[in-house]
Amino acid sequence: MQLIITTFPHPNIPRKLRIRVRHPKLSPIEFSIRCSSSTSSSMDAQNPPKRVVVCGGGVIGVCTAYFLSKGGAAVTLLEKSSIACAASGKAGGFLALDWCDGGAVSSLARASFNLHRSLAQELNGADLYGYRPVNALSLSITEPTSSSSSAKLNRIPDPNVPSWVDGPAKSPRTIGTTETTAQVHPHLFTKALVSKAVEEYGLKVVIGKLERVAVAEGAATVVVLEGGGEIEADAVVLALGPWTGKLSLLGSLFRVYGLKAHSIVLEPKEADAITPDALFLSYYPAQGGKPLDPEVYPRPTGEVYICGMSAEAEVPDDPEQVMPVPESIRVLKTVARNVSSHLVEGEATVKAEQACFLPCTDDSVPVIGEVPGVKGCYVATGHSCWGILNGPATGAAVSELVLDGSASIVDLTRFSPTRFLRGSK
């Protein structure tokens with residue numbers, strides 16, 4: 001049996017760019033993996049590289065595959081649909097150095113923020129995937145009671161509020177500076193890492209559905225695909241995001257649930273007017289009730305990304321089946337026009353209306369480490385809304401764990417899946 005692997009598509013870039021954002025140069029990828037694989041003649045037979053299969057083509061899996069392949073492993077990245085097809089392609093891409101301080105994820109977030117910066121220098125991230133430092137502001141907006149109200153409402157300009165935010169914004173507060181907050185375009189970031197790993201480090205990409213991990217004598221040995229295909233492995237990394245619970249090997253150990261989050265992507269006519277200021281809103285609907293907490297991220301591509309309206313929901317089997325709730329999209333469009341006249345439909349083109357599932361754990365801490373009772377099988381999931389931020393350090397740490405037996409970039413003890421065994425006693 002033979003699996004033929006072909007290219008993954010280029011990401012779409014808006015025509016009007018505020019900076020030049022280059023596509024990763026993805027030449028056609030074609031290779032085969034046979035059920036009975038043999039060691040390549042060009043490989044050092046005395047010291048062959050470790051064969052690692054990383055399951056999941058989101059940012060966590062891709063970062064892990066990147067660092068493993070860069071570290072010398074023979075890595076196969078297995079993805080059911082396409083690279084960054086789920087949350088990693090629909091996320092905001094906001095990065096923060098110290099927003100997780102005081103919690104379990106603090107050291108991971110700080111290491112990863114700094115690793116994002118060094119990766120951007122190494123890979124020319126400013127041009128390739130829109131890496132840039134940004135300011136972050138907290139704002140309060142009360143929705144006008146009249147549906148015909150202008151977004152500007154004759155507001156007296158506040159010097160602490162960006163000029164393009166001409167809606168009823170109040171109580172501005174700086175919560176991040178260009179030293180502590182930044183952004184990437186997550187779809188482009190994820191694909192850039194894949195491209196680099198394929199072209200320079202020999203990463204192989206397989207599009208196929210994981211059925212199970214075969215275990216022999218307490219160790220992971222083979223990844224079995226739907227339809228009977230098999231990939232032999234010395235180690236397996238399961239980075240399945242919200243689909244983690246659908247794999248019996250992990251679902252019986254801990255719960256990962258999906259938080260369905262909605263977003264829209266707008267392209268304003270006057271893109272040059274939009275400054276690199278990320279907005280975190282307390283948004284009070286006209287009809288009353290609890291305030292909403294949407295977020296607004298201008299991108300260097302000339303787009304503006306707006307997200308919010310999240311709730312726990314059942315995760316479908318196929319990432320391509322994730323569809324937004326129309327009412328949630330309507331609310332985000334209302335938020336957009338009350339933030340800025342530049343974001344009113346007509347003044348801005350709607351580029352995307354979408355939803356994705358964020359992987360969450362019951363204790364709000366990611367699960368990163370070797371699966372109890374299965375030597376050579378590792379898991380990395382449960383990063384919630386901080387997956388893009390924490391992808392690099394998670395990938396680097398898992399790579400160290402697989403290749404060296406322990407992680408030095410960050411202490412993974414707090415994230416170990418063994419904590420669920422202790423909790424069940």
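Here are four short exercises on this predicted model, each with a worked solution.

**Exercise 1. Getting an overview**

Find how many helices and strands the protein chain has, and what share of its residues count as buried.

*Solution.* Start with the elements: the protein chain holds nine helices and 21 strands. Next, turn to burial: 55% of the 425 residues count as buried. Then look at the contacts with a separation of 6 or more: 75% of them are made by residues 24 or more positions apart. Finish with the outside: the accessible surface is about 18,500 Å², and carbon and sulfur atoms account for 48% of it.

**Exercise 2. Two helices and a salt bridge**

Work out which parts of the chain the salt bridge between E122 and K70 ties together.

*Solution.* First, check the pair: the closest N and O atoms of E122 and K70 are 3.0 Å apart, and a salt bridge needs them within 4 Å. Second, place the residues: E122 belongs to helix α3 (residues 106-123) and K70 to helix α1 (residues 59-70), so the bridge ties together parts that are 52 residues apart in sequence. Third, look at exposure: E122 is partly exposed at 39% relative accessibility, and K70 is partly exposed too, with a relative accessible area of 38%.

**Exercise 3. Two further pairs**

Locate the partners of E200 and E312 in the chain.

*Solution.* Begin with E200, whose salt-bridge partner is K196, with the closest N and O atoms 2.9 Å apart. Both residues sit in helix α5 (residues 186-201), four residues apart, or about one turn of the helix. K196 has a relative accessible area of 19%, which is under 20%, so K196 counts as buried.

Now take E312, which pairs with R255 at 3.4 Å between the closest N and O atoms. E312 is in strand β18 (residues 304-312), while R255 is in the loop between α6 (248-251) and β15 (256-268), so this bridge ties together parts 57 residues apart in sequence. R255 is partly exposed, at 40% relative accessible area.

To round off, the count is 16 salt bridges, and R51, E232 and D234 are linked in a network of them.

**Exercise 4. Looking into the cavity**

Identify the element that gives the largest share of the lining of the largest cavity.

*Solution.* First, count: there is one cavity of 30 Å³ or more, and its volume is about 30 Å³. Among its lining residues are W243, P319 and F357. Next, sort by element: α2 (87-90) and β19 (348-361) each give two or more residues, and β19 gives the largest share, with three. Last, sort by class: the lining has nine nonpolar residues, no polar ones and one charged residue.

Notes
Residues are numbered from 1 along each chain as its sequence is written. This is a predicted model: local features need pLDDT of at least 70, side-chain atom pairs count only at pLDDT 80 or more; totals for chains, interfaces and linings use all residues. Side-chain values use heavy atoms; hydrogens and water are left out. On a 1 Å grid over the protein atoms alone, a cavity is a set of points where a 1.4 Å probe fits but cannot get out, and a pocket is an open set with protein on both sides within 12 Å along at least five of seven lines; lining residues have an atom within 4 Å of a point. Grid points are joined across faces, edges and corners, and a volume is the space filled by probe spheres set on the points. Ala, Val, Leu, Ile, Met, Phe, Trp, Tyr, Cys and Pro count as nonpolar, Asp, Glu, Lys and Arg as charged, and the others, Gly among them, as polar. Buried means under 20% relative accessible area, exposed over 50%, partly exposed in between (1.4 Å probe, protein chains only). Contact means heavy atoms within 4.5 Å. Accessible areas come from the Shrake-Rupley method with a 1.4 Å probe; for residues, only the protein chains shown count as cover. A salt bridge is a side-chain nitrogen of Lys or Arg within 4 Å of a carboxyl oxygen of Asp or Glu.
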